[in-house]
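Please open the structure in a viewer and keep the selection tool at hand. The stops below say what to select next and what is there.

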Amino acid sequence: MKLLIPGASGLLGLNLAMEAMREHEVIGVDRGKLKSAPFQVFNTNILNRAAINSILDSAKPDWLINCAALANLEECEESPELATILNVDLPAQLANACAERGIRFMHISTDAVFDGEKDDAYTEEDTPNPLGVYSQTKLEGEQATFSENPDAIVARVNMFGWSLSNRRSLGEFFVNNLSEGKNVNGFTDVIFCPMLVNVTARLLLEMLARNLRGLYHVVGAQAMNKYQFGVEMARTFGLRESLISPKSVEGSGLTVKRSHNLWLSTHKLSTDVGHEIPTFSTGLAEFYTQFQQGYPQKIRSYQQ
Ligand SMILES: NC(=O)c1ccc[n+]([C@@H]2O[C@H](COP(=O)([O-])OP(=O)(O)OC[C@H]3O[C@@H](n4cnc5c(N)ncnc54)[C@H](OP(=O)(O)O)[C@@H]3O)[C@@H](O)[C@H]2O)c1
């Protein structure tokens with residue numbers, strides 16, 4: 001298959017491109033951060049509709065996987081117009097352009113569309129109730145995607161992994177700070193389902209291969225709080241877990257309201273891909289192996 005990936009410099013976009021190029025032809029779309037990536041990259045403004053349409057017409061991909069977004073919660077609150085352009089208008093436009101050309105479309109959304117009031121795991125059937133600009137615009141992006149392209153896949157994700165900037169994911173946050181002997185907080189009252197980004201990427205590729213459509217929760221099968229996640233990181237990397245203080249997210253100084261429960265059910269996903277979702281410890285072991293084998297440095301060497 002030929003895959004077009006806008007947002008190829010991001011945590012997901014880059015790792016997805018790296019996973020996909022093993023078996024597929026990959027074309028990334030980037031606004032100038034990537035150099036010497038091991039896959040083809042179009043240096044194009046993603047918001048230039050004519051340029052994107054011309055790439056679709058010339059490259060003729062089988063799938064477009066939209067990994068571009070304004071994914072920083074604070075930036076979304078500060079720039080709600082930009083958040084709407086990137087998180088709502090862009091997926092709507094891409095979904096429409098793909099539908100017109102018979103190109104399959106996958107859009108990436110977030111686990112943060114729910115308010116966290118449920119005491120159990122959220123399923124795809126549960127009604128979202130976003131708490132801020134980021135989650136509101138991501139939900140509107142899901143709706144716009146399906147309204148323009150009913151055959152699309154929308155995947156709600158939560159990932160950790162190695163990124164171009166070395167500071168995009170919570171995994172990097174704990175490893176970097178603990179390696180430098182710094183004290184950090186780990187929130188005990190935020191439950192989430194982290195998945196190694198490379199595992200996410202491989203599942204997304206399986207979903208394409210199976211020609212799925214509709215809304216899916218593509219997160220880790222194990223729910224944990226962010227403190228526990230930090231402790232697991234410390235133990236795996238041989239770092240001092242005593243540097244992590246268990247704290248509440250309330251009063252942490254984070255200004256944007258966050259859900260306390262980001263526990264999503266992966267039942268629909270595991271049923272439709274036909275196997276269990278890889279465990280958290282499998283992903284964590286791979287994250288450590290990547291570290292030992294120099295994968296973070298390799299990723300960062302693709303930067304301008
Ligand atoms: N990380 C997580 O755990 C997580 C959790 C829930 C949902 N998600 C969702 O997963 C998807 C991927 O997230 P991520 O963590 O990979 O995000 P990321 O690392 O911030 O990557 C976002 C991508 O979008 C591009 N982008 C942002 N603003 C742009 C602009 N104005 N023009 C052109 N490109 C722009 C970025 O390009 P530059 O590199 O040039 O800025 C980057 O390639 C997003 O839809 C996000 O909402 C992520």
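Helices and strands here are DSSP runs, numbered from the N terminus, with at least four residues for a helix and at least two for a strand. By that numbering, Asn211 is found in the loop between helix 7 and strand 11. The model is a predicted one.

**Stop 1: the loop before strand 11**

Begin by selecting Asn211. Most residues other than glycine have a negative phi. Asn211 is not a glycine, yet its phi is positive, near 55 degrees. Its relative accessibility is 43%, so Asn211 counts as partly exposed.

Now select Leu212, which sits in the loop between helix 7 (197-209) and strand 11. Is Leu212 buried or exposed? With a relative accessible area of 11%, Leu212 is buried, because buried means under 20%. To get a sense of scale, add Ile55 to the selection: Leu212 and Ile55 are 157 residues apart in sequence and 25 Å apart in space, C-alpha to C-alpha.

**Stop 2: strand 11 and its partner**

Select residues 214-218, which make up strand 11. Five of the five residues of this strand are buried, so strand 11 is largely enclosed by the rest of the structure. Add residues 153-157, which are strand 6. Strand 6 and strand 11 pair in the parallel sense, over five bridges. Within this pairing, Tyr216 in strand 11 is the bridge partner of Ala155.

Keep Tyr216 selected and show Lys268. The charged end of Lys268 sits over the ring of Tyr216, at 4.3 Å from the ring centre.

**Stop 3: aromatic rings**

How many aromatic pairs does the structure hold? There are 15 aromatic pairs. Select Phe160 and Phe280 to see one of them: the ring centres are 5.9 Å apart and the planes stand at 55 degrees, so the pair is tilted. Phe160 belongs to strand 7 (residues 159-160) and Phe280 to helix 10 (residues 280-292), so the pair ties together parts that are 120 residues apart in sequence. Both Phe160 and Phe280 are buried.

Next, select Phe174 and Phe229. Their ring centres are 6.1 Å apart with the planes at 55 degrees, so this pair is tilted. Phe174 is in helix 6 (residues 170-179) and Phe229 in helix 8 (residues 226-237), so the pair ties together parts that are 55 residues apart in sequence. Phe174 is buried, with a relative accessible area of 1%, and Phe229 counts as buried at 0%.

These four residues belong to one aromatic cluster, which also takes in Trp162, Phe173, Phe192, Phe237, Phe287, Tyr288 and Phe291. Stay with Phe192 and show Lys226: the charged end of Lys226 sits over the ring of Phe192, 4.9 Å from its centre.

**Stop 4: a cavity**

A search of the whole structure finds one cavity of 30 Å³ or more. The largest cavity has a volume of about 50 Å³. To find it, select its lining: Phe160, Pro194, Met195, Leu196, Val199, Gly220, Pro278, Thr279, Phe280, Gly283 and Leu284. Strand 10 (195-196) and helix 10 are the elements that give two or more residues to this lining. Which element gives the most to the lining? Helix 10 does, with three residues. By class, the lining of the largest cavity has eight nonpolar residues, three polar ones and no charged ones.

**Stop 5: a pocket**

The second largest pocket has a volume of about 200 Å³. Residues to select in its lining include Met18, Arg22, Asn198, Glu286, Tyr295 and Tyr302. Helix 1 (11-20), helix 10 and helix 11 (295-300) are the elements that give two or more residues to the lining of this pocket. Its classes are four nonpolar, three polar and four charged residues.

**Stop 6: two last residues**

Select Asn166, in the loop between strand 7 and helix 6. Asn166 is not a glycine, but has a positive phi of about 65 degrees. Asn166 is buried, with a relative accessible area of 19%.

Finish at Glu78, in helix 3 (residues 73-78). Glu78 is exposed, with a relative accessible area of 64%. Add Val133 to the view: Glu78 and Val133 are 55 residues apart in sequence and 9.1 Å apart in space, C-alpha to C-alpha.

Conventions: Residues numbered from 1 in each chain as written. Predicted model: local features only at pLDDT ≥ 70, side-chain atom pairs only at ≥ 80, totals over all residues. Heavy atoms only, no water. Phe/Tyr/Trp six-rings, centres within 6.5 Å; stacked < 30°, edge-to-face > 60°. Buried < 20%, exposed > 50% of the residue type's maximum accessible area, 1.4 Å probe, protein only. Lys NZ or Arg CZ within 6 Å of the ring centre and 35° of its normal. 1 Å grid on protein atoms, 1.4 Å probe; cavity = no way out; pocket = protein on both sides within 12 Å on 5 of 7 lines; lining within 4 Å. Points joined across faces, edges and corners; volume = space filled by probe spheres on them. Nonpolar A, V, L, I, M, F, W, Y, C, P; charged D, E, K, R; others polar. Pairing = 2+ DSSP bridges.
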